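Please open the structure in a viewer and keep the selection panel at hand. The tour below proceeds from one selection to the next.

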Amino acid sequence: MKSVERNITPVREAINWTPASWQGKPAIQQPAYDDQAELGRALAQLSELPPLVTSWEVLALKRKLADAAEGRCFMLQGGDCAESFADCNSALISNRLKVLLQMSLVLVHGLKLPVVRVGRFAGQYAKPRSTDMETRDGVTLPSYRGDIVNSAEFTAAARRADPQRLIEGHAKSAMTMNFVRALIDGGFADLHHPEYWDLEWVAHSPLAVEYRRMVESIGDSLRFMETLAGEPIGSYGRVDFYTSHEALVLHYEQAQTRQVPRQWGWFNLSTHFPWIGMRTADMDGAHLEYCRGIRNPIGVKVGPSVKPDQLLRVIDALNPDNEPGRLTLIHRMGASKIQEHLPVLLETVKNAGRKVLWISDPMHGNGESLANGIKTRRFENIRAELDHAFDIHAAAGTRLGGVHLELTGENVTECLGGARDLTETDLERAYKSSVDPRLNYEQSLEIAMLIVRKRGS
Ligand code: PEP
Ligand code: MN
């Protein structure tokens with residue numbers, strides 16, 4: 001199905017807003033920089049550096065998200081909980097891209113819908129923390145806030161918020177983007193060659209047979225259509241890929257907020273799709289203030305404590321003109337809470353006539369710590385939350401238009417269960433995340449297959 005070409009009506013510029021107006025609001029989860037002059041120099045440099053994305057890509061994504069809200073495509077957003085500077089390497093980047101491409105192939109084939117692919121990368125370097133300070137053996141230091149702020153090592157030097165890291169974050173994001181764009185432009189995402197995306201595991205996975213069958217059937221259809229057309233079908237040779245990250249460190253976001261020729265208003269050109277995390281989604285806070293003034297599509301995480309009137313106020317602030325594609329609400333309730341908390345929110349937003357794209361993050365409400373302190377998530381809970389999400393939307397007459405997942409292309413063992421039924425003992429084998437546990441390649445593909453079974457049925 002072709003994406004319907006529509007102009008998104010230009011809306012007004014945000015009132016009383018500048019890229020710096022967030023500084024007049026309470027800004028939580030920000031690094032405490034100890035040298036303001038040093039910060040100022042880094043930000044001045046950052047604001048001169050080339051942008052990572054363009055305004056026309058940003059607006060194209062907005063149109064696709066408007067389509068997803070109306071059921072004309074499905075959004076797949078995924079990647080690491082946090083990128084690290086050390087992980088900016090070719091194998092990790094291409095494996096993550098491969099698993100996202102494989103998942104999207106499963107979704108396109110099974111749902112018979114285009115998929116809009118949004119990576120959680122090229123800027124996902126900052127993390128919100130539950131405490132500002134961390135104490136170990138009587139020593140108290142600032143918490144690790146992600147590589148764009150400080151370093152995880154527990155020393156005073158490593159934990160200092162270093163403004164140079166803002167520049168390094170931009171550089172690592174640019175390298176990541178450059179590689180992803182080159183791979184995609186070079187035909188890596190070509191549907192004629194899904195073998196490019198094979199990860200070594202595919203041959204050994206319990207899901208391999210089903211995946212291979214799908215790939216063959218797509219190949220057959222493509223060859224059939226090309227025989228009819230008498231020439232290769234060009235548009236299957238390349239796919240679009242967009243980036244996203246949590247808009248958390250607001251100095252970084254502000255420095256890359258730009259005006260561009262022949263467009264009104266301001267764009268955050270560090271990413272296509274910034275989102276506001278659950279801890280920073282306060283109506284009167286700096287994060288909402290910053291995001292309300294940029295023209296990018298915006299995501300907002302919605303947890304179980306959000307009340308209907310609170311959500312309406314957030315929607316009003318971020319999308320006063322009810323612009324399609326502007327706002328994505330990412331619900332992350334937890335398998336045991338979604339049935340109690342989601343229906344009233346869906347009902348409220350629907351009755352108020354607000355145009356939003358709803359997507360499910362079945363990861364962040366399902367975290368747990370094992371007796372040995374290891375953080376994990378159970379595949380059955382992730383699956384249950386997603387199952388419930390589809391059912392609750394169907395019952396409410398609303399639409400679940402996408403998913404937001406934490407995943408990696410590596411063979412990690414961080415989440416329990418899945419096709420190989422990973423156990424607590426397995427977690428010790430390949431637990432690599434220093435933040436939240438991610439789905440590994442097989443568990444990710446399994447989720448894609450489950451979505452097809454659920455939605456496509
Ligand atoms: C995250 O997406 O990594 C995250 C911190 O999520 P949330 O804001 O939903 O807790
Ligand atoms: Mn996370």
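In which loop does Val-412 lie? Select Val-412: the residue lies in the loop between strand E14 (400–406) and helix H12 (424–427). Helices (H or I, at least four residues) and strands (E, at least two) are DSSP runs, numbered from the N terminus. The model is predicted: local features need pLDDT of at least 70 and side-chain atom pairs count only at pLDDT 80 or more, while totals for chains, interfaces and linings use all residues. Residues are numbered from 1 along each chain as its sequence is written, and chains are lettered from A and ligands numbered from 1 in the order in which they are written.

Val-412 counts as buried because 21 C-beta neighbours lie inside 10 Å (buried: 20 or more other C-beta atoms within 10 Å of its own; exposed: 12 or fewer; partly exposed: in between; C-beta atoms are placed from the backbone). Leaving aside residues up to four places away in sequence, Val-412 touches Ala-430, Tyr-431, Lys-432, Arg-438 and Asn-440 (contact: C-beta atoms, placed from the backbone, within 7 Å).

Next, select Gly-186, in the loop between helix H5 (164–185) and helix H6 (208–229). Gly-186 is exposed, with 11 other C-beta atoms within 10 Å. From Gly-186 to Glu-410 the C-alpha separation is 23 Å, with their positions 224 residues apart in sequence.

Now display helices H9 (residues 308–318) and H10 (residues 338–351), which pack at about 45° with axes 9 Å apart. Axes are lines fitted to C-alpha atoms, for helices over the stretch in contact, and angles run from 0 to 180 degrees between N-to-C directions. H9 is therefore oblique to H10 (under 35 degrees is roughly parallel, over 145 roughly antiparallel, 65 to 115 roughly perpendicular, and the rest oblique). On the H9 side, select Pro-308, Leu-311, Leu-312 and Ile-315; on the H10 side, Val-344, Leu-345, Thr-348 and Val-349. This contact of H9 with H10 has seven nonpolar, one polar and no charged residues (nonpolar: Ala, Val, Leu, Ile, Met, Phe, Trp, Tyr, Cys and Pro; charged: Asp, Glu, Lys and Arg; polar: the others, Gly among them).

Add helix H11 (residues 379–396), whose axis comes within 10 Å of that of H10 and crosses at roughly 35°. Residues in this contact include Leu-342 and Leu-346 of H10 and Ala-389 and Ile-392 of H11. The contact of H10 with H11 divides into seven nonpolar, three polar and three charged residues.

Finally, select ligand 1, surrounded by Cys-81, Pro-128, Gly-277, Met-278, Arg-279, Lys-301, Arg-332, His-364 and Asp-436 (each with its C-beta atom, placed from the backbone, within 6 Å of the molecule). This shell has three nonpolar, two polar and four charged residues.

Terms used
Two residues are in contact if their C-beta atoms, placed from the backbone, lie within 7 Å.
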